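Please find below my note on the model you sent for comment. I have set it out as numbered points, so that each can be taken up separately.

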Amino acid sequence: MMIHDKEAVLVPRGMLLVVIGLLWLAGILLGSFITMPPLVFLIGAGMALILCFLLWHFQQERILLLLLFCLLAGAWRYSIALPANTPHSIAGYIGSPSLQIRGVVADEPRLSGRSRILIIAVNQVSSDGGTSWREAAGAIEVYSSGTTIETPYGANYDDNVELQGKLQPPTPQPVPAIVASMAFPRISVQGAGSSLPIVWLYHLRILLANIIAQTLPQPGAALLIALLLSLHTPALTPLIPAFNATGTAHLIAPSGFKVTILAGIIGNTMSLMEKAGKKRRKANNLLRWVTTAATVATILAYTLLSGAGPAALRAGIMGILLVVAPRTERAYNMYTAMSLAAILISAIDPLALWSASFLLSFLGTLGIVILTPFFERLLHPMQRLPFGHTLVEILAVTLAAQVATFPIIAIVFQQLSFIALLANVLTVPLLGTFLVLGLLVSIGGLIFLPLGMLCGWLAWPFLWYLNIVIAMCAAIPGAAIPINTMSGAVAWGYYIVLAALCIILLRRDGTIAARQHTSTKVSPSSQRILRLLQIGGAALIILGTGVSMLTPQSNGKFSISFFDVGPARSVSQGEAIFIRTAQGQTVLIDGGLDAASLSQALDSRLPSWQRTLDVVVLTAARPEHITGLLDVIQRFQVKEVIDAGMLHPNTTYALWRRIINERNLRYLSVTEGTIIPISAGVALQILWPQRLHKGSNETRDNSLIVRIEAPGVHALLLGAAAQSQYALTGLLLDLASNYLQADIVQIVGAINKAYPTALQDVLHKVHPKVLIITPPAVRANQSKEGEPIASNPLPSTETSCQVLQTAQTGTVEIASSAGGWNMNIL
């Protein structure tokens, strides 16, 4: 009995796994501070383990040796994970001439501007043009062109690839996992990868994201994708600073809280199934294990679907333990569950300890467990208010998480949010609702897309509320202040003081057991009333949206909008022209260089329920014309797609035609003389090309020239053809002046080069009242961030007209009726 007491002094009852986990993590930290060969740590761990078995009957010594083994094993695990200790490390080839590298795409591609960032797990390298190959290891970061996470014409997750380029030192990383980088190498896909369940779930994640994008307008779709799948799409980029400033970035990031909420929802559903089975007297042990297995499988699947980051893995492991423990007649302990999760995650990847996601998840959870009761006592007087108990619980949990994670947030986001408490109180209670609605939209759209759209009507008001609340909170003066001087030493000091305070609080409470949550009892009648109100609210939302959908959207005027589009925090680039007829038909001509800004401009002019466009026209297969349209034809139901075709299709145009075929969209290739009726009195006349022309610049020479005929106004869209001497000369030779007459002329601007001389003759022949110049694609060295780009001056002409550049004025809208037209700058 005395020996047992000695053991209890060393390790409190039920806390052995916690102590083991702490020493394992301490060993990983030890390995990061002490540089030793992995073999030294391995020998030390092995000797401690052997002595542990030899002294097995001496319990105190056995425990001490076991803890020493965990410490040294953690240091060994860290040391073998370091790239410097990896045999045949690819880092040794940095600075070599052009290399050929074989490997596997080891993680989900990330988007950064117009680049796709791939993480490649290297397995072979060749420095002689592929004649001989040597074994290699390590992870490298590869930058490639692209604006979509998954592409059929590029490398995707788990693909076997071969790279050719120059190996460079790694870009600065918070975790020393990347040993080198390559900037825009030549990439060839050697194989489509494996068919492992995790790869299948990755593709399912992308599919569900595409379904959500088709059922909701932006930015609602991007918000729901981030909330449900923790996937950041380009349309989310402008919103991220507001979430960071309000301390709500955890809502759109891989979060253990989401997994915990979903586990609770699934667990409650399965409990209801068990109760129903008991009422029918058919419940047995098999039914309980079936429901447990279903719950565990659901938690595991969602953990992988949400990105399988450290935070999601932590919550997934703890959620599975919470479900399995009662079935095995074991008590669930929060501390041991966290310890086991930390051991498993760090055993797989010890470098995860330096991940912000790992630190925020574990420290936030630990802070909620320990500090929430303290804050609830401080806020106890507020429970007298209406809904006081719920409000106090939300405030206490938010404060506990904020206090526990403050230094990490300050270091990672380099700012301190003063509005975080209010923003979290207004948004976090709806997270469960967002997850349920996201699942309904995704599963409904997977079964039948219109069913997903129906569920999207219900989700849209909640997403609108979230967007408005975050934007308003971020706009409050002093909502956040920058912090650029927080060092690691300050963070360590903060946590030492916080740990001391927590120990004092725990001793004063007399327990370190996991906190048991209690809830106020609600009468059955109140539950029925609340359920009726929820069902009634949902029915009203669906009914109201349905009525607005069936109501014709027409203001009796025809309008042409020349959008000001471009990447976030950059200059406007590319043309996108939106037409709406008096009867409500819609036409989109070109899409600009940035899908996110086009989506926002387009969705702001369409009702939230409308996911259709009548006609989409591509005038030139250039990035500043086609990039936005690639997103549009995937998110919208397009009735007809029009372009001139290409003699020698590039990769982007091939992807364009592939999406058209896969979605079974009606496609029409047009030439000079084609007339496309849109509605009564509105038509598109194709004036160029006569036929596809072979030449040095086929894309410009074969660009569509479109004339718009509408009541009260005529517009001539020269587009990219305004920079083609061949196209403009052919236009002048083939068409009489009356075919070219127009009130509005649009051209794509030119930077650092002259316009063709034929443009002067065309403008003189057309004699427009307004000339609108949309910006071309801009290279990084041609502009300063945020400053508009001015196109070159036009050639002198005898015709005087008003000249507007959308890069400087913003969106220009022309509205007309039978009585005439007017122009607005938005």
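The points below take up a sheet, a pair of helices, a buried helix and the cysteines.

1. The model is a predicted one, and every point that follows should be read with that in mind.

2. The sheet I looked at is open and has eight strands, which follow one another in the order β16-β15-β14-β13-β12-β11-β24-β25, with pairing that is mixed. Its edges are formed by β16 (667-669) and β25 (820-825), each of which pairs on one side only, and from one strand to the next the twist averages 15°.

3. Within that sheet, strand β12 (residues 577-580) and strand β13 (residues 586-589) run antiparallel and are joined by four bridges. If you wish to locate this pairing in the viewer, you could begin at Phe578, whose bridge partner in β13 is Leu588.

4. A helix also packs on the sheet, namely α21 (residues 651-662), which touches β14 (612-617), β15 (637-643) and β16. The direction of α21 makes about 140° with that of β15.

5. How do the axes of α14 and α16 cross? Helix α14 (residues 420-427) and helix α16 (residues 449-475) have axes that come within 10 Å and cross at roughly 170°, and the two helices are therefore roughly antiparallel to each other, since angles over 145 degrees are counted in that way. On the α14 side the contact is made by Ala423, Leu426 and Thr427, while α16 contributes Tyr465, Leu466, Val469, Ile470 and Cys473. Seven residues of this contact are nonpolar and one is polar, with no charged residue taking part.

6. In helix α23 (residues 725-734), the buried residues are Ala727, Leu728, Gly730, Leu731 and Leu732. The elements that cover these buried residues include the strands β18 (682-688), β19 (705-710) and β20 (713-719), together with the helices α22 (698-701), α24 (737-740) and α25 (758-766).

7. How many disulfides does the structure hold? The number is zero, and Cys70 may serve as an example: the closest cysteine sulfur to its own is that of Cys52, at 9.2 Å, which is too far for a bond, because a disulfide requires the two sulfur atoms to lie within 2.5 Å.

8. As to the exposure of individual cysteines, Cys70 is buried, with a relative accessible area of 7%, whereas Cys801 is partly exposed, with a relative accessible area of 28%.

Notes:
Residues numbered from 1 in each chain as written. Predicted model: local features only at pLDDT ≥ 70, side-chain atom pairs only at ≥ 80, totals over all residues. Heavy atoms only, no water. Buried < 20%, exposed > 50% of the residue type's maximum accessible area, 1.4 Å probe, protein only. Contact = heavy atoms within 4.5 Å. Axes fitted to C-alpha atoms, helices over the stretch in contact; angles between N-to-C directions. Parallel < 35°, antiparallel > 145°, perpendicular 65-115°, else oblique. Nonpolar A, V, L, I, M, F, W, Y, C, P; charged D, E, K, R; others polar. Pairing = 2+ DSSP bridges.
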